[in-house]
Amino acid sequence: MQTVSITLALVGILLGCASAGDGPDHCFRSCSGKASDWKDAQYPSQARVKIDLSACGFTDAPYVSTSLTGEKDNVKTTGAAGGIRDLSAAGFSVNIFKISDGFEASGANAVKAGWVLSWTATGYGC
């Protein structure tokens with residue numbers, strides 16, 4: 001009898017732990033990509049890119065990590081990590097700010113400079 005009660009207690013603990021998290025392990029997913037369709041942001045000296053996450057199948061807003069690369073003028077920018085806007089399960093956008101070294105961020109200038117935003121999103125999709 002003691003073995004049965006210990007087993008049931010362990011099963012109860014395991015079930016409690018599984019239900020306490022954000023979702024079952026088999027629902028956890030990761031999605032990544034690159035974006036370079038830059039547009040003018042609504043603020044001066046900023047460029048904006050939108051990311052569509054709908055194909056990733058998230059059920060809630062995921063955790064997102066981003067980085068900015070480019071052929072030129074991507075150094076001394078701000079926003080790749082903190083400029084995430086409108087984050088949801090369906091997508092997000094990023095505003096990048098720069099006005100220095102004779103360069104002012106805009107959609108057209110970001111395209112000319114070859115900026116690419118790499119992103120990774122992780123979350124649940126069940």
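**Exercise 1. Describe how strands S5 and S6 pair, and place them in their sheet.**

Step 1. Strands S5 and S6 run antiparallel to each other and share 3 bridges. Strands here are DSSP runs of E with at least two residues, helices are runs of H or I with at least four residues, and both are numbered from the N terminus. Two strands pair if DSSP finds at least two bridges between them.

Step 2. The model is predicted: local features need pLDDT of at least 70, side-chain atom pairs count only at pLDDT 80 or more, and totals for chains, interfaces and linings use all residues. Residues are numbered from 1 along each chain as its sequence is written, and side-chain values use heavy atoms, with hydrogens and water left out.

Step 3. Within this pairing, serine 88 stands opposite glycine 91 in S6.

Step 4. The sheet is open and has 4 strands in the order S2-S3-S6-S5, with antiparallel pairing. Strand S2 (39-40) and strand S5 (84-88) are at its edges with a single partner strand each, so one side of each has no neighbour in the sheet.

**Exercise 2. Describe the sheet that contains S1, S9 and S4.**

Step 1. This open sheet has 3 strands, ordered S1-S9-S4, and the pairing is antiparallel.

Step 2. S1 and S4 are the edge strands, each pairing on one side only.

Step 3. From one strand to the next the twist averages 10°. The axes are lines fitted to C-alpha atoms, for helices over the stretch in contact, and angles run from 0 to 180 degrees between N-to-C directions.

Step 4. S1 and S9 are joined in the antiparallel sense over 8 bridges. On this pairing, phenylalanine 28 is opposite tyrosine 124 in S9.

Step 5. Serine 118 also lies in strand S9. With a relative accessible area of 19%, serine 118 is buried; buried means under 20%, exposed over 50%, and partly exposed in between (1.4 Å probe, protein chains only). Leaving out residues up to four places away in sequence, serine 118 touches Gly33, Lys34, Ser65, Thr66 and Ser67. A contact is heavy atoms within 4.5 Å.

**Exercise 3. Find the aromatic pairs and classify two of them.**

Step 1. There are 4 aromatic pairs in the structure. Rings of Phe, Tyr and Trp (its six-membered ring) pair if their centres lie within 6.5 Å; planes under 30 degrees apart are stacked, over 60 edge-to-face, and the rest tilted.

Step 2. The ring centres of phenylalanine 28 and tyrosine 124 are 5.4 Å apart and the planes stand at 70°, so this pair is edge-to-face. Phenylalanine 28 belongs to strand S1 (residues 28-35) and tyrosine 124 to strand S9 (residues 116-124), so the pair ties together parts 96 residues apart in sequence. Phenylalanine 28 is partly exposed at 46% relative accessible area, and tyrosine 124 is partly exposed at 21%.

Step 3. Phenylalanine 92 and tryptophan 119 are also edge-to-face, with 6.4 Å from centre to centre and 85° between the planes. This pair links distant parts of the chain, with phenylalanine 92 in strand S6 (residues 91-97) and tryptophan 119 in strand S9, 27 residues apart. Phenylalanine 92 is buried at 4% relative accessibility, and tryptophan 119 is buried at 8%.

Step 4. Trp38, Phe103 and Trp115 are linked by ring pairs into a cluster.

**Exercise 4. Locate the disulfides and give their handedness and pattern.**

Step 1. The whole structure contains 2 disulfides, each a pair of cysteine sulfur atoms within 2.5 Å.

Step 2. One is formed by cysteine 27 and cysteine 126, with sulfur atoms 1.7 Å apart. The torsion about their S-S bond is about -95°, so this disulfide is left-handed. Its two ends are in distant parts of the chain: cysteine 27 in the loop between helix H1 (2-20) and S1, and cysteine 126 in the segment after S9, 99 residues apart. Cysteine 27 is buried, with a relative accessible area of 1%, whereas cysteine 126 is exposed, at 59%.

Step 3. Another disulfide joins cysteine 31 to cysteine 56, S to S 2.0 Å. The link of cysteine 31 and cysteine 56 is left-handed, with -65° about the S-S bond. Cysteine 31 is in strand S1 and cysteine 56 in the loop between strand S3 (46-52) and strand S4 (63-69), so this pair ties together parts 25 residues apart in sequence. Cysteine 31 and cysteine 56 are both buried.

Step 4. Counting bonded cysteines along the chain, the disulfides of the protein chain follow the pattern 1-4, 2-3.
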